[in-house]
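Morning, everyone. Let me put the structure up, and then I'll walk you through it.

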There are 2 protein chains.
Amino acid sequence: MAISLSGETRLFPVVGDPIAQVKSPALLSALMADRARDAIVPPVHVAPADLAPVIGAFGMLRNLDGVLVTVPHKIAAFSLCSRVTDRARFAGSVNVMRKAAGGWLGDNTDGQGFVNGIELAGQSVADKKVLLVGCGGAGSAIALEFMIGGAAQLALHDIDQARRDRVIDALSWRFPGKVVTGGTDPSGFDIIANATPMGMQPGDPLPVDVAGLSSGQFVACVITKPENSPLVEAARQRGCRTMNGLGMFMAQADILADFLLFSDKTARED
Amino acid sequence: MAISLSGETRLFPVVGDPIAQVKSPALLSALMADRARDAIVPPVHVAPADLAPVIGAFGMLRNLDGVLVTVPHKIAAFSLCSRVTDRARFAGSVNVMRKAAGGWLGDNTDGQGFVNGIELAGQSVADKKVLLVGCGGAGSAIALEFMIGGAAQLALHDIDQARRDRVIDALSWRFPGKVVTGGTDPSGFDIIANATPMGMQPGDPLPVDVAGLSSGQFVACVITKPENSPLVEAARQRGCRTMNGLGMFMAQADILADFLLFSDKTARED
């Protein structure tokens, strides 16, 4: 369905800096039109120093119901929420906020989008052995979601060992014995996931040793530019099934629309 | 051309309270698409008490270039501009603002839209005798524009005589001897214009004595709901040519787009 505008259009802006690269204005506006909602996702370019007053003003706009948050605002936006979901609290950041009584309810759907995208690509997560490289904001959210999804074992790798250990400790409290230290050898894992930016720049090293990949494994990557990262390309050459960053984005679009349009049944508000 | 959204879309919101009735999101967004601009006019519902902080936040948004202003914010928005055009200063209100060095440049295009609409309908204004009923915000802007357009004589009527006399005095300083007191009898005028809300509610009295209308006269009206006011209907029955509020709105859309997109050649900044 085509995007249209009227005096009754509801607003769900996406805030970022820069903003020109974001895909949500086109894709999420179209998704809301598909759902027969008179609603759009306008891009909003706001610098970090201006985020708090801009979100404050958004709170005053009576036809604005929610905000999507992208780089570099996800951590700052967390602190502007009056309530957050478990997922957002674990990540320490939000990528979406909606108006709630007395303020903003924040959520972080980055992990859900990644894991839902893998399942939509036909790869179940339950009872699988997973290697995840990258324990930053996206990586820690994805790690939580692999465990919620029932992974049998999750091995984590990050060049920042302290950061890796913090995520292992945080998850082990809830999933004892299942979250362990990993490396760059993908042998023996069912699912190999990259949550680092390695592959965005030409000449980047690969996040795992792709010589250890073989058909039957599933490889997933957060990178959207290039559309297929060198890791995804190498995995396909070795016969692996894959999910690229667009797969994550498309799976996440539905989750975001559910949350923004109040049709979400699973978000835990606490 | 269809409206689309991307990360590079520029924003020109329209602020009002209420907002559901505004036509500019649909019509001006389509006009910008016709001009091959990646730009939209989202509706923004903001209460009077929140206007100043919201406009302040708009100043921080780096992909927002201008703002359309509708009821009840036109006078308050004037005071938020760092510079205004002659037309806006005469009206004491703005219906459009764009970012300028150090603040906002405000303009008021209500009068231009009305008079351009009359000319686009085939009725010249130069050297004509004009009766204008209503000397409020829109009426005074329209009065100025009739005189800029070269009307031979402009007769003004308003039930608030002090308000009428203030407009006559203000215009007479610039156009001596041409702006006079009028009444409700349209006889002898080339153009009869209504800038009052009379005709929006069932049972409203007509702004002029329509028994005095005859073919050869041109009747113009600011009212958009109903699309053709009782005055316009009565004028058509008597063989007059007419312009309704939509004609004003469509003529104004081009003027507003010119101003917002910086392609305006005539706005005097001072």
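Start where the two chains meet. In this predicted model, 31 residues of chain A are in contact with 31 residues of chain B. Which elements of chain A give two or more residues to that side? They are helix H1 (24-34), strand S4 (43-45) and helix H2 (51-60) of chain A. H2(A) gives the largest share, four residues. Now the chemistry. The side of chain A that touches chain B has 20 nonpolar residues, eight polar ones and three charged ones.

Next, chain A by itself. Chain A carries nine helices and 14 strands. How does its radius of gyration sit against the globule rule? The radius is 19 Å, and the rule gives 18 Å for 270 residues. Those values are close, so chain A is as compact as a globular protein of that length. For the outer dimensions, take the C-alpha trace along its principal axes: about 55 × 40 × 35 Å.

How much of chain A is buried? Buried residues come to 52% of the 270. Now contacts in chain A, counting those with a separation of 6 or more. Of these, 66% join residues 24 or more positions apart.

On to the domains. The domain assignment splits chain A into domain 1 (10-108) and domain 2 (111-248). Their centres, taken over C-alpha atoms, are 26 Å apart. Six residues from domain 1 of chain A and six residues from domain 2 of chain A make the contact. On the domain 1 side, look for helix H4 (residues 86-91) of chain A. Helix H4 of chain A supplies three residues there, the largest share of that side. What about classes on the side of domain 1 of chain A that touches domain 2 of chain A? Two residues are nonpolar, two are polar and two are charged.

Last stop, the core. The largest nonpolar core has 176 residues. Which of them touch the most other members? A:Leu132, A:Ala143, B:Leu132 and B:Ala143 do.

Zoom in on A:Ala143. Leave out residues up to four places away in sequence. Then A:Ala143 touches A:Leu132, A:Cys135, A:Leu154, A:Leu156, A:Val167 and A:Leu171. Note A:Leu132 in that list. A:Leu132 is also one of the core members with the most contacts to other members.

That's the tour. Back to you for questions.

Definitions and conventions: Residues are numbered from 1 along each chain as its sequence is written. Chains are lettered from A and ligands numbered from 1 in the order in which they are written. This is a predicted model: local features need pLDDT of at least 70, side-chain atom pairs count only at pLDDT 80 or more; totals for chains, interfaces and linings use all residues. Domain bounds come from an automatic or database domain assignment. Two residues are in contact if their C-beta atoms, placed from the backbone, lie within 7 Å. Ala, Val, Leu, Ile, Met, Phe, Trp, Tyr, Cys and Pro count as nonpolar, Asp, Glu, Lys and Arg as charged, and the others, Gly among them, as polar. A nonpolar core is a set of buried Ala, Val, Leu, Ile, Met, Phe, Trp, Tyr and Cys residues joined through C-beta atoms within 7 Å. A residue is buried if 20 or more other C-beta atoms lie within 10 Å of its own, exposed if 12 or fewer, and partly exposed in between; C-beta atoms are placed from the backbone. The radius of gyration is taken over C-alpha atoms; the globule rule is 2.2 Å times the number of residues to the power 0.38.
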